[in-house]
Amino acid sequence: MQLFFDVDYTLIAYNGSLRPLVHKVFGDLKSDGHDIYIWSGMGLRNKEIEENNLTEFVSGIYHKPIDKFEEGLIQYGIPVRPEYVIDDHREVVDHFGGFVIRAYFWENARDKEMTAVYEDIKALS
(Lines give C-alpha, C1' and ligand atoms only; values in the text may rest on other atoms or scores of the structure.)
Protein backbone atom coordinates (compact mmCIF):
# COMPACT_ATOMS: atom_id res chain seq x y z
CA MET A 1 0.00 0.00 0.00
CA GLN A 2 0.92 3.64 -0.48
CA LEU A 3 1.03 4.91 3.14
CA PHE A 4 1.04 8.65 3.85
CA PHE A 5 2.06 9.84 7.31
CA ASP A 6 1.48 13.37 8.56
CA VAL A 7 4.31 14.97 10.55
CA ASP A 8 3.14 17.43 13.23
CA TYR A 9 1.43 15.71 16.17
CA THR A 10 1.34 12.46 14.20
CA LEU A 11 5.04 11.56 14.08
CA ILE A 12 6.60 14.48 15.93
CA ALA A 13 5.54 16.29 19.13
CA TYR A 14 5.54 20.03 19.77
CA ASN A 15 9.08 19.87 21.18
CA GLY A 16 10.40 17.97 18.15
CA SER A 17 10.54 14.55 19.82
CA LEU A 18 9.74 11.54 17.68
CA ARG A 19 6.71 9.47 18.66
CA PRO A 20 7.76 6.13 20.21
CA LEU A 21 7.96 3.06 17.97
CA VAL A 22 8.16 5.01 14.68
CA HIS A 23 11.46 3.40 13.65
CA LYS A 24 10.24 -0.10 14.47
CA VAL A 25 6.89 0.32 12.73
CA PHE A 26 8.43 1.98 9.66
CA GLY A 27 10.92 -0.90 9.40
CA ASP A 28 8.15 -3.47 9.74
CA LEU A 29 5.98 -1.70 7.16
CA LYS A 30 8.85 -1.59 4.65
CA SER A 31 9.60 -5.28 5.29
CA ASP A 32 5.94 -6.02 4.62
CA GLY A 33 6.28 -4.35 1.20
CA HIS A 34 4.55 -1.02 1.83
CA ASP A 35 5.72 2.36 0.52
CA ILE A 36 5.96 5.11 3.12
CA TYR A 37 5.44 8.74 2.19
CA ILE A 38 5.60 11.79 4.40
CA TRP A 39 3.46 14.86 3.93
CA SER A 40 2.64 17.94 5.94
CA GLY A 41 0.29 20.87 5.64
CA MET A 42 3.28 22.94 6.81
CA GLY A 43 5.25 22.16 3.65
CA LEU A 44 8.17 19.87 2.92
CA ARG A 45 9.63 18.41 6.11
CA ASN A 46 12.90 16.94 4.84
CA LYS A 47 14.87 18.33 7.77
CA GLU A 48 12.66 16.65 10.38
CA ILE A 49 12.81 13.33 8.55
CA GLU A 50 16.60 13.50 8.26
CA GLU A 51 17.10 14.62 11.88
CA ASN A 52 15.04 11.66 13.10
CA ASN A 53 16.89 9.13 10.90
CA LEU A 54 13.79 8.16 8.92
CA THR A 55 15.14 8.82 5.41
CA GLU A 56 15.91 5.15 4.70
CA PHE A 57 12.23 4.25 5.12
CA VAL A 58 10.68 7.08 3.10
CA SER A 59 9.81 6.94 -0.61
CA GLY A 60 8.92 10.65 -0.87
CA ILE A 61 8.19 13.83 1.07
CA TYR A 62 5.40 16.16 -0.04
CA HIS A 63 3.27 19.11 0.87
CA LYS A 64 -0.10 17.84 2.14
CA PRO A 65 -3.28 19.37 0.75
CA ILE A 66 -5.43 20.60 3.62
CA ASP A 67 -8.53 21.12 1.50
CA LYS A 68 -9.54 20.32 -2.08
CA PHE A 69 -7.66 17.08 -1.60
CA GLU A 70 -7.82 15.71 -5.12
CA GLU A 71 -6.76 19.02 -6.68
CA GLY A 72 -3.99 19.23 -4.08
CA LEU A 73 -2.48 15.93 -5.21
CA ILE A 74 -1.96 17.47 -8.63
CA GLN A 75 -0.97 20.91 -7.33
CA TYR A 76 1.75 19.50 -5.07
CA GLY A 77 3.02 16.95 -7.59
CA ILE A 78 2.20 13.89 -5.54
CA PRO A 79 2.87 11.03 -7.99
CA VAL A 80 0.79 8.33 -6.27
CA ARG A 81 -2.65 8.39 -4.72
CA PRO A 82 -2.63 7.76 -0.97
CA GLU A 83 -4.17 4.38 -0.21
CA TYR A 84 -3.94 4.75 3.56
CA VAL A 85 -3.36 7.98 5.51
CA ILE A 86 -2.19 8.30 9.11
CA ASP A 87 -3.13 11.73 10.43
CA ASP A 88 -4.46 13.47 13.53
CA HIS A 89 -6.94 15.39 11.34
CA ARG A 90 -10.05 13.33 10.69
CA GLU A 91 -11.03 15.16 7.49
CA VAL A 92 -7.90 14.00 5.66
CA VAL A 93 -8.40 10.39 6.77
CA ASP A 94 -12.11 10.54 5.96
CA HIS A 95 -11.27 11.59 2.40
CA PHE A 96 -8.52 9.08 1.61
CA GLY A 97 -9.11 6.36 4.18
CA GLY A 98 -6.74 5.25 6.89
CA PHE A 99 -6.20 5.79 10.60
CA VAL A 100 -7.02 8.82 12.74
CA ILE A 101 -4.17 8.80 15.23
CA ARG A 102 -4.37 10.42 18.65
CA ALA A 103 -2.43 13.69 18.53
CA TYR A 104 1.09 13.45 19.98
CA PHE A 105 1.50 16.90 21.51
CA TRP A 106 4.08 16.12 24.20
CA GLU A 107 6.83 13.56 24.57
CA ASN A 108 5.42 10.39 26.12
CA ALA A 109 7.50 7.21 26.26
CA ARG A 110 4.35 5.14 27.00
CA ASP A 111 2.58 6.13 23.75
CA LYS A 112 1.65 3.01 21.75
CA GLU A 113 -0.34 4.56 18.88
CA MET A 114 2.13 3.37 16.24
CA THR A 115 1.45 -0.22 17.28
CA ALA A 116 -2.26 0.34 16.64
CA VAL A 117 -1.43 1.84 13.22
CA TYR A 118 0.68 -1.18 12.29
CA GLU A 119 -1.96 -3.65 13.44
CA ASP A 120 -4.65 -1.88 11.42
CA ILE A 121 -2.52 -1.85 8.26
CA LYS A 122 -1.56 -5.50 8.73
CA ALA A 123 -5.24 -6.47 9.12
CA LEU A 124 -6.06 -4.73 5.80
CA SER A 125 -3.17 -6.27 3.86
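In strand S2, aspartate 35 is the residue that stands opposite glutamine 2. This pair belongs to a predicted model. S1 and S2 are parallel and share four bridges. Between them the chain passes through helix H1, and this β-α-β crossover is right-handed. Within S1, Gln2 and Phe4 point one way. Leu3 and Phe5 point the other way. All four of these S1 residues are buried. In a regular strand, side chains alternate between the two faces of the sheet.

S1 and S2 are part of an open sheet. It has five strands in the order S3-S2-S1-S4-S5, and the pairing is parallel. Strand S3 (58-63) and strand S5 (98-100) form the edges, each pairing on one side only. From one strand to the next, the twist averages 20 degrees.

On one side of S1, the order continues through S2 to S3. S2 covers residues 35-40, and five bridges join S2 to S3. These two strands run parallel. Tyrosine 37 has glycine 60 in S3 as its bridge partner. Helix H1 (residues 22-31) lies across S1 (2-5), S2 and S3. Its direction makes an angle of about 135 degrees with S2.

On the other side of S1, the order continues through S4 to S5. Three bridges join S1 to S4, and the two run parallel. Here leucine 3 stands opposite tyrosine 84. S4 spans residues 84-87. Tyr84 and Ile86 point one way from S4, while Val85 and Asp87 point the other way. All of them are buried. S4 is also joined to S5 by three bridges, again in parallel. Aspartate 87 stands opposite valine 100 in S5. Together, S4, helix H4 (residues 90-96) and S5 make a right-handed β-α-β unit.

Nonpolar packing comes next. The largest nonpolar core has 25 residues. Those with the most contacts inside this core are Phe5, Leu11, Phe26, Leu29, Ile36, Ile38 and Met114. S1, H1, S2, S3, S4 and H5 each give two or more residues to the core. Phenylalanine 5 touches residues from several parts of the chain, including Leu11, Phe26, Ile36, Ile86, Met114 and Val117. Another core lies apart from the largest one. This second core has eleven residues, among them Tyr37, Trp39, Tyr62 and Phe96.

Aromatic rings were examined as well. A search of the whole structure finds nine aromatic pairs. One of them joins tyrosine 9 and phenylalanine 105. Their ring centres are 4.9 Å apart. Their planes meet at 50 degrees, so the pair is tilted. The pair links distant parts of the chain, with the two positions 96 residues apart. Tyrosine 9 sits in the loop between S1 and H1. Phenylalanine 105 sits in the loop between S5 and helix H5 (113-124). Tyrosine 9 has a relative accessible area of 26%, so this residue is partly exposed. Phenylalanine 105 is partly exposed too, at 44%. Ring pairs also link Phe4, Tyr37, Trp39, Tyr62, Phe69 and Phe96 into a cluster.

How values were computed
Residues are numbered from 1 along each chain as its sequence is written. This is a predicted model: local features need pLDDT of at least 70, side-chain atom pairs count only at pLDDT 80 or more; totals for chains, interfaces and linings use all residues. Side-chain values use heavy atoms; hydrogens and water are left out. Two strands pair if DSSP finds at least two bridges between them. Axes are lines fitted to C-alpha atoms, for helices over the stretch in contact, and angles run from 0 to 180 degrees between N-to-C directions. Contact means heavy atoms within 4.5 Å. Rings of Phe, Tyr and Trp (its six-membered ring) pair if their centres lie within 6.5 Å; planes under 30 degrees apart count as stacked, over 60 as edge-to-face and the rest as tilted. Buried means under 20% relative accessible area, exposed over 50%, partly exposed in between (1.4 Å probe, protein chains only). A crossover is right-handed if, with the strands pointing away from the viewer, the path from the first strand over the helix to the second runs clockwise. A nonpolar core is a set of buried Ala, Val, Leu, Ile, Met, Phe, Trp, Tyr and Cys residues joined through side-chain atoms within 4.5 Å. Lists of a residue's contacts leave out its neighbours within four places in sequence.
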